[in-house]
Amino acid sequence: DPSDMRARTFDLKLRPSSDYYYFYIDRDNTLWAAGNTVLTSVNLNSGVYHHYPIAATGSYKELEDGRVHDVLEDSGNRFWLIGTFGALLFDKHTGRFKKYNSVTYAHSILEDSKQNIWVGGGDEAFVLKYGAADFEELATDKSRGGGNFAAVWRLAEDGAGRIWAVTRQG
């Protein structure tokens, strides 16, 4: 009942030894919990849950080692995870991950009004233009001989279609 604002506790069968840092509810009313050790999904209608443990690179149905920092369900119903492992595209139906090797570390992800996917993190920013096969690196930290970005923490799009980045330097 949405009018009942009392807090409730639900047993979502999350792994008690895991550190969860991010929660997201997708269009299918599935709660996704992501963190250091696991990605867990719980369908809030049926109660069906799945755990996707972190393991070695390339393992079937498993995340790479690392912490999830942000999640995005894009307009194409694709599910993105970004974090200390870079950028992963997750197929919710097969449980398989696709790694984008061009992105090595990420804090924030955004889909803009033109369906481009923007990723910011570490000292880099990337864009996966709509229909492209891989991310394009936009800039790196000036202190390392690169462009304009330094630890991109958050990304946003304004009403004019401009992408804004919050960095450790402002």
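This text goes through the fold, the nonpolar cores, the aromatic pairs, one hairpin and two loop residues of a predicted model.

The protein chain contains zero helices and 14 strands. Read along the sequence, the pattern is therefore β-β-β-β-β-β-β-β-β-β-β-β-β-β, with strands numbered from the N terminus. The chain has 170 residues, and 42% of them are buried. Its accessible surface is about 9,600 Å², and carbon and sulfur atoms account for 50% of that area. Of the contacts between residues at least 6 apart in sequence, 32% join residues at least 24 apart.

The largest nonpolar core holds 14 residues. The members that touch the most other members are Trp80, Tyr100, Val103, Ile109, Ile117, Val119 and Phe135. Four strands each supply at least two residues of this core: β6 (79-83), β7 (86-91), β10 (117-121) and β11 (124-128). A second, separate core has 12 residues, including Trp32, Val68, Leu81 and Phe90.

Isoleucine 109, a member of the largest core, shows what surrounds one such residue. With neighbours within four places in sequence left aside, isoleucine 109 is in contact with Asp70, Val71, Leu72, Trp80, Ile82, Ile117, Trp118 and Val119. Among these partners, Trp80, Ile117 and Val119 are also named in the largest core.

The aromatic residues come next. Eight aromatic pairs are found in the whole structure. One of them joins tryptophan 32 and phenylalanine 79, with 4.6 Å from centre to centre and 35° between the planes, a tilted arrangement. This pair links distant parts of the chain, since tryptophan 32 is in strand β2 and phenylalanine 79 is in strand β6, 47 residues apart. Tryptophan 32 counts as buried because its relative accessibility is 4%, under the 20% cut-off. Phenylalanine 79 has a relative accessibility of 0% and so is buried as well.

Another pair is made by tryptophan 80 and phenylalanine 135, which meet edge-to-face at 6.0 Å centre to centre with 80° between the planes. Tryptophan 80 lies in strand β6 and phenylalanine 135 in the loop between β11 and β12 (136-140), so this pair ties together parts 55 residues apart in sequence. Both residues are buried, and both are named in the largest nonpolar core. Tryptophan 32 and phenylalanine 79 belong to an aromatic cluster that also takes in Tyr24, Phe90 and Phe97. Of that cluster, Trp32 and Phe90 are also among the residues of the second core.

Strands β13 (residues 152-157) and β14 (residues 163-167) run antiparallel and are joined by five bridges. Within this pairing, alanine 156 stands opposite tryptophan 164 of β14. The two strands form a hairpin with five residues between them, and glycine 161 in the turn has a positive phi of about 85°.

Positive phi also occurs at residues other than glycine. Asparagine 29 has a positive phi of about 65° and lies in the loop between β1 (20-25) and β2 (30-35). Its relative accessibility is 29%, so asparagine 29 counts as partly exposed. Asparagine 77 has a positive phi near 65° and is placed in the loop between β5 (68-73) and β6. With a relative accessible area of 34%, asparagine 77 is partly exposed.

How values were computed
Residues numbered from 1 in each chain as written. Predicted model: local features only at pLDDT ≥ 70, side-chain atom pairs only at ≥ 80, totals over all residues. Heavy atoms only, no water. Buried < 20%, exposed > 50% of the residue type's maximum accessible area, 1.4 Å probe, protein only. Contact = heavy atoms within 4.5 Å. Areas by Shrake-Rupley, 256 points an atom, 1.4 Å probe, with all protein chains shown as cover. Core = buried A, V, L, I, M, F, W, Y, C linked by side-chain atoms within 4.5 Å. Pairing = 2+ DSSP bridges. Phe/Tyr/Trp six-rings, centres within 6.5 Å; stacked < 30°, edge-to-face > 60°.
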